[in-house]
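Trainee: I'd like to go through this one with you and ask how each label is earned. Can we begin with the empty space?

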Amino acid sequence: MDKTKQKVAVVAIGGNSLIKSSQHQTVEDQYQAAKETTYHIADMIEAGWNVAIGHGNGPQVGFILRRSEIAHKVEGMHEVPLDVCGADTQGAIGYALQQNLQNELYRRGIPRPVATVITQVLVDKDDPAFKAPSKPIGGFMDEEEAKKRQAELGWTVVEDAGRGWRRVVASPLPKEVVELESVKTLIDAGVIVVTVGGGGIPVIDVGNRELRGVAAVIDKDYASSLLARLIKADLFLISTAVEKVALNFGKPNQKWIDRMTVSEAKQYLEEGVHFAKGSMAPKIQAIIWFLEAGGKQAIITNPENIARALRGETGTHIVPD
């Protein structure tokens, strides 16, 4: 295989895609879900693509935080900081994806190594998001506990629709993939890389290039888009819960989209009625940034339709103007 001529794709998969339902949340359940996803990524590799895999980690971070909170209350154990939760999930999810993909490639007789890189992503310590934290994390608390943690730990807490109080953190924009050179070296060597997991571990530069983790959450589609731009990927593919993107999703006038240009995508996004802010809107924005930076092609589809989407048979294809 001539690795120098291989097309490179960044594939972003959702953390929720590893959890099929509320009845299937165990580590084994997630492992089996990862197995299904990696089968479709193996199709890409078999078709000649070199792949970097980004993934979400929202539910998994939530599980770690909940265990941490319970262990602290019941046994007085130390709680796990949010940046370390991100690192833990990068390792665990990376392990599930890496092992399943290795097994599937071996079964197909494809001699390709797979590696997970625990990846830090630099954010601006002055990002406006830090002044207006909005991303809920962890379990619910009563008002007394919430106010105590706010005073003692500096948390930002909010009352959540009558269900109790929750901690909220910032969601800053990703600026730099710290381990970029390592990731590029692996990709150039033909290694399938799992990286920027959960959007990357958010870190700030406190001065003189000394990095420190911060309590924040980076959108995984934004981080995967940044990676795709930095490595000049040929394709940015977002694997999500739907086969195609729709205008007016869930409404009587819903319309599925097969293809749109960057200009059309920007117009639909600006209209503000088509794409949900917490789900599809950031995916569209991430793709716009990729294509405006010189990317050639982007696709949104669900895991089981990746191979068909690559053949142009389904999915939503977004292209430069």
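Mentor: Sure. The largest cavity is lined by Arg 66, Glu 69, Lys 73, Ile 137, Gly 139, Phe 140, Met 141, Glu 145, Arg 149, Trp 155 and Arg 167. Bear in mind that this is a predicted model, where local features need pLDDT of at least 70 and side-chain atom pairs 80 or more, while totals for chains, interfaces and linings use all residues. Residues are numbered from 1 along each chain as its sequence is written, and side-chain values use heavy atoms, with hydrogens and water left out.

Trainee: What makes Arg 66 or Trp 155 a lining residue of the largest cavity?

Mentor: Each counts because it has an atom within 4 Å of a cavity point, where points sit on a 1 Å grid over the protein atoms alone and a 1.4 Å probe fits but cannot get out. The space in the largest cavity is about 60 Å³ (volume being what is filled by probe spheres set on points joined across faces, edges and corners). The count is one cavity of 30 Å³ or more.

Trainee: Which element gives the most to the lining of the largest cavity, and how does the lining divide by class?

Mentor: β5 does, with four residues. At least two residues each come from α2, β5 (135-141) and α4 (143-153). The classes are four nonpolar, one polar and six charged (Asp, Glu, Lys and Arg are charged; Ala, Val, Leu, Ile, Met, Phe, Trp, Tyr, Cys and Pro are nonpolar; the others, Gly among them, are polar). So Gly 139 goes down as polar.

Trainee: Why is the second largest pocket called a pocket and not a cavity?

Mentor: Because a pocket is an open set, with protein on both sides within 12 Å along at least five of seven lines. The second largest pocket has a volume of about 270 Å³. Its lining has 14 residues, with Val 27, Gln 30, Gln 60, Ala 92 and Ile 93 nearest the centre. α1 (27-46), α2 (58-75) and α3 (82-107) each give two or more residues to that lining, and α3 gives the most, with five. Ten lining residues are nonpolar, three polar and one charged.

Trainee: How do you know that β12 and β16 pair?

Mentor: Pairing needs at least two DSSP bridges. Five bridges join β12 (residues 235-239) to β16 (residues 297-301), and the two run parallel, so they pair. One of the bridges puts Phe 236 opposite Ala 298. Both strands sit in an open sheet of eight, ordered β3-β9-β2-β1-β12-β16-β17-β15 with mixed pairing.

Trainee: What makes β3 and β15 edge strands?

Mentor: β3 (114-116) and β15 (259-261) each pair on one side only.

Trainee: Now the loops. Why is Lys 232 called exposed?

Mentor: Its relative accessibility is 67%, and exposed means over 50% (buried is under 20%, partly exposed in between, with a 1.4 Å probe and protein chains only). So Lys 232 counts as exposed. Lys 232 lies in the loop between α6 and β12.

Trainee: And what about Arg 209: what is its class by accessibility?

Mentor: At 42%, Arg 209 falls in between, so it counts as partly exposed. Arg 209 lies in the loop between β10 (201-205) and β11 (211-213).

Trainee: What is the phi of Arg 209, and what is the phi of Lys 232?

Mentor: Arg 209 has a phi of about 60°, positive although it is not a glycine, and the phi of Lys 232 is near 55°, also positive. Most residues other than glycine have a negative phi.
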